[in-house]
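Reader: Could you take me through the nonpolar core of this one? I'd like to know what it is built from and how it sits in the whole fold.

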Amino acid sequence: VLFQIFDAFKARLHDSNSKVNQVALESMHRMVPLLKDNLAPVINLLIPAIVDNNLNSKNPGIYAAATGVIQALCQHLDNSLLLQPFCTKAQFLNGKAKQDLTEKLA
């Protein structure tokens with residue numbers, strides 16, 4: 001069930017409407033502390049959806065919301081769950097997103 005919910009939610013994290021995208025990221029930020037390590041089965045689905053486009057967004061609200069979600073993940077999830085998805089994404093990112101994710105890895 002969790003996978004089905006987040007599979008549908010993932011589309012909102014990529015929404016072309018910036019307001020929908022930002023609200024989805026802000027909602028995700030509020031969900032992370034509640035779900036914590038229960039997000040483990042969907043973390044490989046969520047990391048790309050959170051990072052792609054959002055960490056390089058020129059929209060300051062989207063960028064702030066995306067960095068907030070990444071910070072919440074680092075605070076509330078076992079870091080071993082984040083290591084592989086962060087490394088994988090960092091390899092293929094550029095610009096500010098690559099710098100931000102590399103700093104989190106360090």
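Author: Of the 106 residues in the protein, 37% count as buried, meaning under 20% relative accessible area with a 1.4 Å probe and protein chains only. Keep in mind that this is a predicted model, where local features need pLDDT of at least 70, side-chain atom pairs count only at pLDDT 80 or more, and totals for chains, interfaces and linings use all residues. Numbering runs from 1 along each chain as its sequence is written, and side-chain values use heavy atoms, with hydrogens and water left out.

Now the core. The largest nonpolar one has 31 residues, and M28, L39, I50 and L73 touch the most other members. Such a core is a set of buried Ala, Val, Leu, Ile, Met, Phe, Trp, Tyr and Cys residues joined through side-chain atoms within 4.5 Å. At least two of its residues come from each of α1 (2-13), α2 (18-35), α3 (43-51), α4 (60-76), α5 (79-92) and α6 (95-105).

Zoom in on I50: leaving aside neighbours within four places in sequence, I50 is in contact with L13, L25, M28, L55, A66, V69, I70 and L73, contact being heavy atoms within 4.5 Å. Across the protein, 65% of contacts between residues at least 6 apart in sequence join residues at least 24 apart.

As for the fold, there are six helices and zero strands, helices being DSSP runs of H or I with at least four residues and strands E runs of at least two, numbered from the N terminus. The C-alpha atoms fill a box of roughly 35 × 30 × 20 Å along the principal axes.

Methods
Buried means under 20% relative accessible area, exposed over 50%, partly exposed in between (1.4 Å probe, protein chains only).
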